[in-house]
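This report goes through the strand pairing, helix packing and confidence of one protein model. Please read it alongside the sequence and coordinates shown here.

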Amino acid sequence: AHWRRSGPSRCHVGLSPLEGLRLADSLPPGQVPLVRLAMAAEVMARADGVESELLIDQAAADAPRAGWRRSVTGIAVATVAACFGGAAVLQQSRPVTTVESLRKPFKLYDDKLPGCPPMPSRSDQYDGIEDKRPVKVKHDKNGAANVFVLGDWGATTPSHAPFAWNGQQWEAHIQQDIANAMSARAKWADPQYILNVGDNFYVEGLELSCNAPPNDNPQVTSSSFSSVWQSMYGPLANKPWLSVLGNHDYGGWRFDKGWPQQIGYSFVNYNWIMPARYYMKRIEHPDFVADYFMIDSNAYDAKDFNDPATSHNICSPHNTGGVGTCANNGGMASIDACKDWFWGSYAKQKQWLENKLAASDADWKVVVTHFPCGYDGPFYRDMKTKHGLDLLVTGHRHQQELWKPDSNSKYVQSMMKASLWDGAAPACFVTGGGGGIVSEAFGYADYGEDLLTYGFFHLTMNKAWLKIELVKPDNTVHGNWTIYPHGTKKAEEQAKATLRDDIGLCADFCGDMNNPWGKVCPGGSAPFASCAGCKGCSNMAKD
């Protein structure tokens with residue numbers, strides 16, 4: 001391997017040992033001289049002030065899994081890359097993520113700056129805070145700013161294959177494909193920030209304790225973010241990411257993983273914005289203001305301890321034998337208290353949200369949360385009617401859905417009907433197809449316009465309008481919708497929109513010989529949300 005030096009020789013730790021290890025593993029056998037690289041790493045570390053003992057400690061933690069010699073290789077390659085200014089280039093073929101991982105250091109959070117409180121001692125310390133770290137925004141020549149939206153993206157390392165991947169080759173690198181599409185679009189769109197709806201670490205969150213403080217074991221936290229986030233999204237990870245937790249960030253089928261440390265990382269990396277489980281963020285655009293209200297809706301996966309749906313129950317028996325409490329962070333005191341804690345917190349958040357929406361004088365009011373469009377429909381309809389909620393941004397369902405009233409998608413129309421989600425409800429979309437887990441890929445759904453298995457959303461925001469585009473991993477657009485801010489005549493006209501009666505799954509799928517009403521209706525043997533609004537289900541309920 002040949003390294004090309006570029007930039008200053010001062011050491012910047014731009015790679016974690018795990019990334020260095022992956023880089024070393026990409027080389028042909030015999031081309032990684034372990035001893036020489038290790039010596040070079042040690043010499044450079046001492047000469048330029050890198051904490052070599054810290055690097056060795058990080059690799060030692062991986063030694064039982066990776067083997068000590070491979071871990072030393074990881075240290076060496078990481079340090080060599082770091083000391084070459086993060087611009088080293090391998091003169092051979094390798095995955096794109098290897099190149100992108102050789103990045104410049106991220107912007108450090110500094111609690112001495114205005115609006116930047118110190119690292120919390122527990123994760124609930126800043127619940128409901130308005131995050132005031134400055135975020136600079138610039139507009140294009142048309143007076144608009146671009147924003148990308150992503151969810152359910154944090155695939156398991158080192159392969160980055162989506163969780164539950166079944167071996168289909170086109171799907172093996174889907175997270176990377178989406179990241180590359182975002183990077184390609186960013187070259188001309190220049191997104192000012194990214195909205196992130198959660199599930200940042202599949203499949204069980206960070207391997208840390210929920211009962212430990214937010215700054216616990218920073219080496220593991222930083223290494224995990226480096227491997228899963230920064231190495232995958234490259235320069236886009238140097239943009240502000242307004243983030244929330246997903247159910248898998250708690251642990252998926254348990255609650256005791258390192259979600260407090262994800263909050264803590266917000267006080268390490270300036271661009272990872274998640275100072276609490278719920279908070280608000282005001283973004284001052286050049287000629288308008290957008291208020292973002294970040295909500296934790298994971299109570300919908302908090303069920304009774306013995307609920308049979310153990311794979312979608314944060315409070316399940318899988319917690320037995322684990323930490324068993326997150327009380328030190330204001331979390332559930334025990335496994336038995338799990339469900340009540342989530343639902344009590346969610347009720348508190350909804351009241352907080354209504355108060356904040358009522359007090360907001362922003363041009364655009366946006367809620368970002370994990371659970372998808374359709375959940376809490378009556379509540380969000382009220383928030384639009386009473387307080388001008390313009391847009392709801394969601395994920396969790398592992399696909400991409402644009403919920404517009406005049407959609408040609410039978411699946412989208414059926415879901416909106418089942419949820420009574422017409423023009424009186426806020427605009428909404430689902431961005432759960434970020435590649436961290438395999439797509440739902442329902443056999444009966446009409447993927448195409450307004451409905452994709454994978455992708456991301458691109459928002460173009462102007463004071464007078466907001467354009468929503470659904471983008472596929474090949475960077476083609478498969479659905480778009482322009483909405484208008486609350487209080488305008490165009491918004492009032494959109495609020496009158498009704499759903500289409502001429503299309504939907506009711507006639508084509510729900511109630512047919514393979515899917516009788518007793519099977520697909522709520523309470524049936526295999527209920528489908530997309531069938532709940534059909535007349536056949538209504539008739540069954542009457543009977």
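## The seven-stranded sheet

Strand β2 (residues 145-150) and strand β3 (residues 193-196) run parallel and are joined by 4 bridges. Within this pairing, Phe148 stands opposite Ile194 in β3. The model is predicted, and the descriptions below apply to the coordinates as predicted.

Both β2 and β3 belong to an open sheet of 7 strands, ordered β5-β4-β3-β2-β13-β14-β15, in which the pairing is mixed. Its edge strands, each paired on one side only, are β5 (272-273) and β15 (477-483).

## The eight-stranded sheet

An open sheet of 8 strands follows the order β1-β6-β7-β8-β9-β11-β10-β12, again with mixed pairing. Here the edges are formed by β1 (129-131) and β12 (451-452), and each of these strands pairs on one side only.

At the β1 edge, 3 bridges connect β1 with strand β6 (residues 279-284), and the two strands run parallel. Glu130 has Met280 of β6 as its bridge partner. On to the next neighbour in the order, β6 pairs with strand β7 (residues 289-294) in the antiparallel sense, over 6 bridges. A hairpin of 4 residues links β6 to β7, and Glu284 is bridged to Val289 in β7.

## The β12 edge and its helix

Strand β10 (residues 400-403) runs antiparallel to β12, and 2 bridges join them. One bridge partner is identified by residue: Gln400 is matched with Leu452 in β12. Helix α12 (residues 410-418) packs on the sheet at this end, where α12 touches β10 and β12. The direction of α12 makes about 65° with that of β10.

## Helix α10 against helix α11

Two packed helices are described by the angle between their axes and the distance between the axes. For helix α10 (residues 338-359) and helix α11 (residues 377-387), the angle is about 20° and the axes are 10 Å apart. Angles under 35 degrees count as roughly parallel, so α10 is roughly parallel to α11. The crossing of α10 past α11 is right-handed.

On the α10 side the contact involves Tyr346, Lys350, Leu353, Glu354, Leu357 and Ala358. The α11 side contributes Phe379, Tyr380, Met383, Lys386 and His387. Sorted by class, the residues in this contact of α10 with α11 are 7 nonpolar, 1 polar and 3 charged.

## Helix α6 against helix α7

Helix α6 (residues 174-189) and helix α7 (residues 218-233) have axes that come within 9 Å and cross at roughly 40°. That angle makes α6 oblique to α7.

From α6, the residues that meet α7 are Gln175, Gln176, Ala179, Met182 and Ser183. They face Val228, Met232 and Tyr233 of α7 in this contact. The contact of α6 with α7 comprises 5 nonpolar and 3 polar residues, with no charged residue.

## Confidence

Which average pLDDT does the protein have? The average is 85, and 80% of the residues score at least 70. Two stretches call for separate mention. Over residues 28-72 the pLDDT is below 50, and this stretch has 53 contacts in the model beyond near neighbours in sequence. Residues 81-104 also have pLDDT below 50, with 72 contacts beyond near neighbours in sequence.

Where pLDDT is low, the predicted coordinates should not be read in detail.

Key. Residues are numbered from 1 along each chain as its sequence is written. This is a predicted model: local features need pLDDT of at least 70, side-chain atom pairs count only at pLDDT 80 or more; totals for chains, interfaces and linings use all residues. Side-chain values use heavy atoms; hydrogens and water are left out. Axes are lines fitted to C-alpha atoms, for helices over the stretch in contact, and angles run from 0 to 180 degrees between N-to-C directions. Angles under 35 degrees count as roughly parallel, over 145 as roughly antiparallel, 65 to 115 as roughly perpendicular and the rest as oblique. Contact means heavy atoms within 4.5 Å. Ala, Val, Leu, Ile, Met, Phe, Trp, Tyr, Cys and Pro count as nonpolar, Asp, Glu, Lys and Arg as charged, and the others, Gly among them, as polar. Two strands pair if DSSP finds at least two bridges between them. A crossing is left-handed if the near helix is turned anticlockwise from the far one by less than a right angle, and right-handed if clockwise. pLDDT is the predictor's confidence in each residue, from 0 to 100.
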